[in-house]
Number of protein chains: 2
Amino acid sequence: MNELQKRLETYKRLGLKLTPQRLAILEYLENTREHPSAEDIYNALKDRFPSMSFATVYNTLEVLIEKGLVKELSIDSSKKRFDPFLHSHHHFICKQCGKIFDVERNFDILIPEELKEFEVSDFQVVFSGLCPTCKKK
Amino acid sequence: MNELQKRLETYKRLGLKLTPQRLAILEYLENTREHPSAEDIYNALKDRFPSMSFATVYNTLEVLIEKGLVKELSIDSSKKRFDPFLHSHHHFICKQCGKIFDVERNFDILIPEELKEFEVSDFQVVFSGLCPTCKKK
DNA sequence: TGACAAAATAGAAAGTGTTTTTATATTTAA
DNA sequence: TTAAATATAAAAACACTTTCTATTTTGTCA
Ligand SMILES: [Mn+2]
Ligand SMILES: [Mn+2]
Ligand SMILES: [Zn+2]
Ligand SMILES: [Zn+2]
């Protein structure tokens with residue numbers, strides 16, 4: 001089963017209609033580790049879909065998030081970034097260029113005592129500093 | 001030395017001009033653990049300064065961040081939140097009500113091997129789930 | 001296949017939070 | 001007290017996101 005067939009399956013399974021725009025958005029997300037913003041996605045696809053609108057990108061992201069296929073990152077305070085990799089992982093953000101990198105290492109963090117009244121469902125470690133490229137300058 | 005005098009000192013030391021608006025912003029920040037947004041600050045002060053503008057709030061926050069007296073949090077993707085507590089600490093954000101709580105416990109996280117080409121200057125642990133109030137509902 | 005209902009699209013407008021601009025006012029140092 | 005430097009309010013501009021609506025596309029079923 002090839003990649004396209006998988007995407008077809010994915011949308012069908014979720015009861016979503018198949019549209020070329022949706023398939024392209026999922027394809028783009030699956031093939032990037034760049035944690036793109038909505039605009040990045042729009043720009044990447046506008047050659048193939050010259051009439052594509054931002055509303056479609058945002059709508060599609062909304063349903064993908066709702067269905068749990070994409071996660072929204074709040075690491076960059078200027079805009080939302082999207083991550084199609086659902087496995088537990090963490091991130092590094094470069095203070096200079098803003099790029100976000102995956103950190104795959106697992107951390108054994110035990111829920112601190114002070115949160116015992118809370119219902120903790122998740123945690124994220126966000127490292128920051130300079131990426132290799134910005135470090136050299 | 002009282003609180004006001006300390007704030008006077010603080011601004012003087014940084015070479016910033018003393019204005020009632022600035023003093024009030026610093027006072028508000030020093031007395032809250034709510035991680036307020038710019039609008040929260042504005043709302044908290046508009047009774048005392050009915051003519052206060054958003055620009056003043058944003059300008060003041062900008063210089064305070066520049067001078068290292070306040071940290072900007074990127075935990076809430078819908079708006080920036082501000083934290084005047086500079087000591088190393090972490091956070092919990094409630095997925096329901098959006099409130100941000102401090103987590104004072106220290107975590108011994110060693111910089112993972114995969115970041116050895118990076119210059120890591122900081123890390124933040126962000127827990128998420130439900131706060132005690134939202135948990136009960 | 002063709003017709004229909006439901007859902008998605010493009011494009012524009014509106015909504016939010018943030019930043020910039022400008023004329024005026026205040027602060028500080030001389 | 002005066003002058004220069006800086007901060008202010010108010011409005012406009014801006015960037016990102018959401019909403020609206022007319023039109024098109026999709027999936028279903030005859
Ligand atoms: Mn990731
Ligand atoms: Mn805090
Ligand atoms: Zn970088
Ligand atoms: Zn809550």
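Which polar backbone atom is 3.2 Å from a phosphate oxygen of DNA strand D? The atom belongs to L18(A). Keep in mind as you look around that this is a predicted model.

Let's stay with DNA strand D for a moment. A backbone N or O atom of S53(B) sits 3.3 Å from a phosphate oxygen of this strand, and T56(B) brings a polar side-chain atom to 2.3 Å from a phosphate oxygen. If you want to know which pieces of the fold give two or more residues to this surface, look at α4 of chain A, plus α2 (20-30) and α4 of chain B. Altogether 18 residues surround DNA strand D, and Y58(A), K17(B), T19(B), R22(B) and T56(B) come nearest. What do they face on the DNA side? Of the strand D atoms within 4 Å of the protein, 83% belong to sugar and phosphate. Sorted by class, the protein surface here has 6 nonpolar, 6 polar and 6 charged residues.

Now hop over to DNA strand C. There are 18 residues around this strand, with T19(A), S51(A), T56(A), Y58(B) and K80(B) being the closest. Sugar or phosphate makes up 83% of the strand C atoms within 4 Å of the protein, and bases supply the rest. You can pick out some contacts by eye: a polar side-chain atom of T19(A) lies 2.8 Å from a phosphate oxygen, a polar backbone atom of K80(B) is 2.8 Å from a phosphate oxygen, and S53(A) places a backbone N or O atom 3.3 Å from one. The elements giving two or more residues to this surface are α2 (20-30) and α4 (54-66) of chain A, together with α4 (54-66) of chain B. By class, the count near DNA strand C is 6 nonpolar, 6 polar and 6 charged residues.

Next, find the metals. The manganese ion called ligand 1 has five names to remember as its protein donors: H35(A), D83(A), H89(A), H91(A) and D102(A), lying 2.0 to 2.3 Å from it. Along the chain, these donors follow the spacing H-x47-D-x5-H-x1-H-x10-D. Take one pair from the set: H89(A) is in the loop between β2 (81-83) and β3 (90-94) of chain A, whereas D102(A) is in strand β4 (residues 100-103), 13 residues apart. Both H89(A) and D102(A) are buried.

Chain B has a manganese ion too, ligand 2, with H35(B), D83(B), H89(B), H91(B) and D102(B) as protein donors at 2.0 to 2.3 Å. Their sequence spacing is H-x47-D-x5-H-x1-H-x10-D. Why does D83(B) count as buried? Its relative accessible area is 1%, and the cut-off for buried is under 20%. H91(B) counts as buried as well, because its relative accessibility is 1%.

One more buried residue is worth a glance. F82(A) lies in strand β2 of chain A and has a relative accessible area of 3%, so it is buried. The C-alpha atoms of F82(A) and L110(A), 28 residues apart along the chain, are separated by 27 Å.

Finally, look for the largest pocket, with a volume of about 1400 Å³. It is lined by 40 residues, and those closest to its centre are S74(A), I75(A), V126(A), S74(B) and I75(B). Strand β5(B) gives the largest share of the lining, 6 residues. By class, the lining divides into 14 nonpolar, 16 polar and 10 charged residues.

Terms used
Residues numbered from 1 in each chain as written. Chains lettered and ligands numbered in written order. Predicted model: local features only at pLDDT ≥ 70, side-chain atom pairs only at ≥ 80, totals over all residues. Heavy atoms only, no water. Near = heavy atom within 4 Å. Polar contact = N/O pair within 3.5 Å; in protein donor to acceptor, adjacent residues only side chain to side chain. Helix = DSSP H or I, 4+ residues; strand = E, 2+ residues; numbered from the N terminus. Nonpolar A, V, L, I, M, F, W, Y, C, P; charged D, E, K, R; others polar. Donors = N, O, S within 2.8 Å, 3.2 Å for Na, K, Ca; no water. Buried < 20%, exposed > 50% of the residue type's maximum accessible area, 1.4 Å probe, protein only. 1 Å grid on protein atoms, 1.4 Å probe; cavity = no way out; pocket = protein on both sides within 12 Å on 5 of 7 lines; lining within 4 Å. Points joined across faces, edges and corners; volume = space filled by probe spheres on them.
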